[in-house]
Number of protein chains: 2
Amino acid sequence: MTRRTVIAVLEGAHPVRGLERLAGLAEVRVTPAEGLARALDGADVLYLWDYFSGALPAAWHAAGSLRWLHVAAAGVDKLLFPELVASDVVVTNAHGVFDQPMAEYVLGAMLHAAKGFGPLRDAQREARWAWREGRNIGGSRALVVGTGSIGRATARLLRAVGVRVEGAGRTAREHDDDFGRVHATADLAAVVGAFDYVILLAPLTPATENLVSAEVLGALKPSAVLINAGRGRLVDEDALVGRLQAGALAGAVLDTVAVEPLPPAHPLWSLPSVFVTPHMASNADSWLDDLAAQFERNLLLWLEGRPLPGVVDKTLGYVPSGRPSGG
Amino acid sequence: MTRRTVIAVLEGAHPVRGLERLAGLAEVRVTPAEGLARALDGADVLYLWDYFSGALPAAWHAAGSLRWLHVAAAGVDKLLFPELVASDVVVTNAHGVFDQPMAEYVLGAMLHAAKGFGPLRDAQREARWAWREGRNIGGSRALVVGTGSIGRATARLLRAVGVRVEGAGRTAREHDDDFGRVHATADLAAVVGAFDYVILLAPLTPATENLVSAEVLGALKPSAVLINAGRGRLVDEDALVGRLQAGALAGAVLDTVAVEPLPPAHPLWSLPSVFVTPHMASNADSWLDDLAAQFERNLLLWLEGRPLPGVVDKTLGYVPSGRPSGG
């Protein structure tokens, strides 16, 4: 009789969904961070339900039998440590699950900035009827930085409401179904000045850290709005604060910041043209059930020896699809 | 030589745009409210640039030569007094000018409610990282009450982002290009319970006043959001406050209220699930120039004796087009 597959599941802030179904397919060991090494001993699969955990490096010594790691998140920047990258362990992520909520968040963020909803909410809290004009987003120009499945879903949603979208990714190309034109991120400083909204949805990798540098920020139109729903460290945050304080940038909507939670004394909290949201862009409706269903689908494929979708290129630091995902 | 056309222009909070072009076409008398009767004496046309003015009834005795009145607004509820309705004066409004900003406001309002941006903004003002899940609007059901050009533009925009839209208007119909199904507003209480968002874009008339009655509010899903960008008096405001205070309704986004500005002590200001905006939904980008250009186009048609677009049915209280307007 074949040995049963062993899955270590790192539990998180939300109760793990779908466990009863997994238990029919494998031996399942649910553990908090402090028991991770013990759960990994002899495990074939690690399922990081706690998608932001930093517990794996300390338990890695026990992962000798590990062959597949699935993380219930899109970004894997906090996960990829050298020993994992060098290993043969296949890493998959929650490719596709967050496309719809993330695209909607970006659209909502654009409208929030365009209509001045932040200052209007502040006025409401003081019972002030503070009339002000809005802006239309129809006909405006948006640059989506990041050409993975989330960036593509966002581009399609924005185009559907009449926004003129282009993309920025690792390699430039003239014709792309979702973006039309894709610029090389290396040319960001030269191209950002043409856009009303610059939207960050790129993964955080050594190549993208600080991508929106002081130089890039300095090249933005004063009327432009920066939206970051990727990772905080894509942006030179001090330079961003400086531009905003100087009134050299119309506003920013930030779902991710360099240090999360954003420290109470940080100037981004209090700048009136900045809207800070607490890393919730990807979390809507059935996201927890969707994550559980995705892992179960992947597990069935894996048990049958079939290829998994959403495999992370551990050297690049993301899923190098470039095409929308159905998963 | 023919007598030159005389246009009385009631100035408003914003300087009148496009006067230099009008002056080449007619004798133009720009006046504040207190000079309206004098300006109307002998005038053929009245151009209400101050679209919320209540000054006309007191000056009506001097309007004996008036043949056409244009108001730079969509709603004419504040304008239509009995003598004007009974007269032969043709009334036109700013039909079409506000379609894009209004549709975008509604989309922004839906996303504001769905993503919890109001409470998140409140938390930001206290430097609190208060994570919460959002909702997706894709796949949700919205009822647009009001089938004029603004309601239609809104329905098209919402459909473009995957919202399942139906309409409500004076007469029910099964097949409509923009709405699919249109319900009769008389049946509102029977149908609203199926929708996640109920969006008011109807004109205020004797037939629509209090349309969203306590009964209709009681029929809404507890998870539903009411968006009112039409007129405050479409809604039984006391009943609305009661439902919201009771937690029997998820939220409301209100760009119009019964008394504007909303009095400082009104409970709508402080309900956390309510977002109050100061009647600005229609005001974005080039709206003032668009209003000026529209009146100039209408004036050229009128001087040539050709039919005007956007003629208000003074008995119904709105432009009975039912079809999108290009103007």
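In this predicted model, A:Asp196 has a relative accessibility of 14% and therefore counts as buried (buried means under 20% relative accessible area, exposed over 50%, and partly exposed in between, with a 1.4 Å probe and protein chains only). Its partner A:Lys221, at 26%, is partly exposed. The two residues form a salt bridge in which the closest N and O atoms are 2.9 Å apart; a salt bridge is a side-chain nitrogen of Lys or Arg within 4 Å of a carboxyl oxygen of Asp or Glu. A:Asp196 lies in the loop between helix 8 (188-191) and strand 10 (197-200) of chain A and A:Lys221 in the loop between helix 9 (214-219) and strand 11 (225-228), so the pair ties together parts that are 25 residues apart in sequence. Helices (H or I, at least four residues) and strands (E, at least two) are DSSP runs, numbered from the N terminus.

Residues are numbered from 1 along each chain as its sequence is written, and chains are lettered from A and ligands numbered from 1 in the order in which they are written. Local features need pLDDT of at least 70, side-chain atom pairs count only at pLDDT 80 or more, totals for chains, interfaces and linings use all residues, and side-chain values use heavy atoms, with hydrogens and water left out.

Over all chains, the structure holds 40 salt bridges. In chain A, A:Arg128 pairs with A:Glu126 in a salt bridge, with 2.7 Å between the closest N and O atoms. A:Arg128 is partly exposed at 40% relative accessibility, whereas A:Glu126 is exposed at 51%.

The two chains are copies that superpose with an RMSD of 0.0 Å after a turn of 180 degrees and a shift of 0.0 Å along the axis; the fit is by least squares on the C-alpha atoms of residues with pLDDT of at least 70 in both. The copies are thus related as by a two-fold rotation axis. Both use the same surface, since 100% of the contact residues of chain B recur in chain A.

At the interface, 57 residues of chain B are in contact with 57 residues of chain A, where contact means heavy atoms within 4.5 Å. About 4,900 Å² is buried between the chains, 62% of it on carbon and sulfur atoms. Buried area is the accessible area (1.4 Å probe) that two parts lose on being put together, summed over both. In chain B, the residues that lose the most area to chain A are B:Arg121, B:Trp129 and B:Trp269, which together make up 17% of what that side buries.

Between chain B and chain A, 6 salt bridges are counted. In one salt bridge, B:Asp122 is paired with A:Arg125, with the closest N and O atoms 2.8 Å apart. In another, the side chains of B:Lys115 and A:Glu104 meet at 3.1 Å, N to O. This pair runs from the loop between helix 5 (99-114) and helix 6 (117-125) of chain B to helix 5 of chain A. Both B:Lys115 and A:Glu104 are buried.

Polar contacts across the interface number 36 residue pairs, both residues being at pLDDT 80 or more. A polar contact is a pair of N or O atoms within 3.5 Å; within protein, one must be able to donate a hydrogen and the other to accept it, and residues adjacent in sequence count only if both atoms are side-chain atoms. On the side of chain B that touches chain A, helix 5 of chain B gives the largest share, 9 residues.

In chain A, helix 6 is largely enclosed by the rest of the structure, because 7 of its 9 residues are buried. Among them are A:Phe117, A:Leu120 and A:Arg121. The cover over the buried residues includes helix 5 of chain A, together with helix 5, helix 6 and strand 13 of chain B. Just after helix 6 of chain A, A:Ala127 takes a positive phi of about 55 degrees.

A:Asn298, in helix 11 (residues 287-303) of chain A, is buried at 3% relative accessibility. Leaving aside neighbours within four places in sequence, A:Asn298 is in contact with A:Trp68, A:His70, A:Thr92, A:Leu308 and A:Pro309. A:Thr205, found in the loop between strand 10 and helix 9 of chain A, is buried at 7%. Not counting residues up to four places away in sequence, A:Thr205 touches A:Leu316, A:Gly317 and A:Tyr318.
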